[in-house]
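Please open the model in the viewer and keep the sequence beside it. The tour proceeds by selection, with a short account of what is found at each stop.

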Amino acid sequence: MSRIGKKPIDIPNGVQVTVSESNHVVVKGPKGQLEGDFNPKLSIKVEDNQIKIERPDDSAFMRAIHGTTRALIANMVKGVTEGFTVELEIVGIGYRANMKGKALELQLGYSHPIIYEPPEGIQIAVEGNIIKVSGIDKQKVGQVAAEIREFRKPDPYKGKGVRYKGEVLKLKPGKSVGKK
C-alpha cells in the first residue's frame, strides 16, 4: 500500500470539499476555490472531516496515481487555507526589481527592462532584492517563480542572476585556475 496515498487528509474548519461521481474535486476555503479532475478508478470519499483515497488494485500505475492524487488534493486543501509562497533573490550589481501596478519590472543587465504580467490568482511583491510570488495553486506559484528565474539564471562563474532564496550554487573556477 502506498504510504502517502493511504494517509487521510484532514479538512480544517472553514473548508468545504465536494466530490462528484466522476472524481471532480472542488475545495472551497477562506482564500478561494480550487478544483481538479482525478482518475475515475480511484475511490475518493469525504468522511468524518477527512478525505480518504482508495485504489481498486495493486498495479504499478494505480500505486503511482494513488499517492500522487493524495498529494494533489492535500495541496489544494493547504492552498485554500494557507496559500503558497516562493521567494526569489536577485544577485548582481545594477540588478533590481520593482512593481509597476500589477506587473513586475526587472532590470537584469539587458539593454531593456523586462515587464512580467503575472497570471490570474498570483500575487507578486518586491522587498529590496527579494521577489515574493504567492497564490493558492502550488503548481502555478512554482511555474511563475521558474519563469521569473528563467529571465536571468544564476551565472556559474560569478553567481549573478535570479535564484531561489536559499539556493546554493557551486561556482566554477575561472580559466586562470588551470595555468601555473
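**First stop: the three-stranded sheet**

Select strand S9 (residues 103-107) together with S10; three bridges join these strands, which run antiparallel. The model is predicted, so local features need pLDDT of at least 70, side-chain atom pairs count only at pLDDT 80 or more, and totals for chains, interfaces and linings use all residues. Residues are numbered from 1 along each chain as its sequence is written, and side-chain values use heavy atoms, with hydrogens and water left out.

Strands here (E, at least two residues) are DSSP runs, numbered from the N terminus. Two strands pair if DSSP finds at least two bridges between them.

Within S9 and S10, now pick out Glu105, which stands opposite Ile115 in S10. Then widen the selection to the whole open sheet: its three strands follow the order S8-S9-S10, with antiparallel pairing. Strand S8 (96-100) and strand S10 (114-116) are at the edges; each has a single partner strand, so one side of each is left without a neighbour in the sheet. From one strand to the next, the twist averages 25°. For such angles, axes are lines fitted to C-alpha atoms, and the angles run from 0 to 180 degrees between N-to-C directions.

**Second stop: the four-stranded sheet**

Next, select S11, S12, S7 and S13. In that order, S11-S12-S7-S13, the four strands form an open sheet with antiparallel pairing. Its edge strands are S11 (122-127) and S13 (161-164), each of which pairs on one side only. Here the twist averages 25° from one strand to the next.

Within this sheet, display strand S7 (residues 84-91) and strand S12 (residues 130-135): six bridges join the two, which run antiparallel. To locate one pair, highlight Phe84, whose bridge partner in S12 is Gly135.

**Third stop: two loop residues**

Move now to the loop between strand S2 (16-19) and strand S3 (24-29), where Asn23 is found. Although Asn23 is not a glycine, its phi is positive, at about 60°. Is Asn23 buried or exposed? Asn23 is buried, with a relative accessible area of 4%. Buried means under 20% relative accessible area, exposed over 50%, and partly exposed in between (1.4 Å probe, protein chains only).

Finally, select Asp48, in the loop between strand S5 (43-47) and strand S6 (50-54). Asp48, a residue other than glycine, also has a positive phi, near 50°. Asp48 is exposed, with a relative accessible area of 69%.
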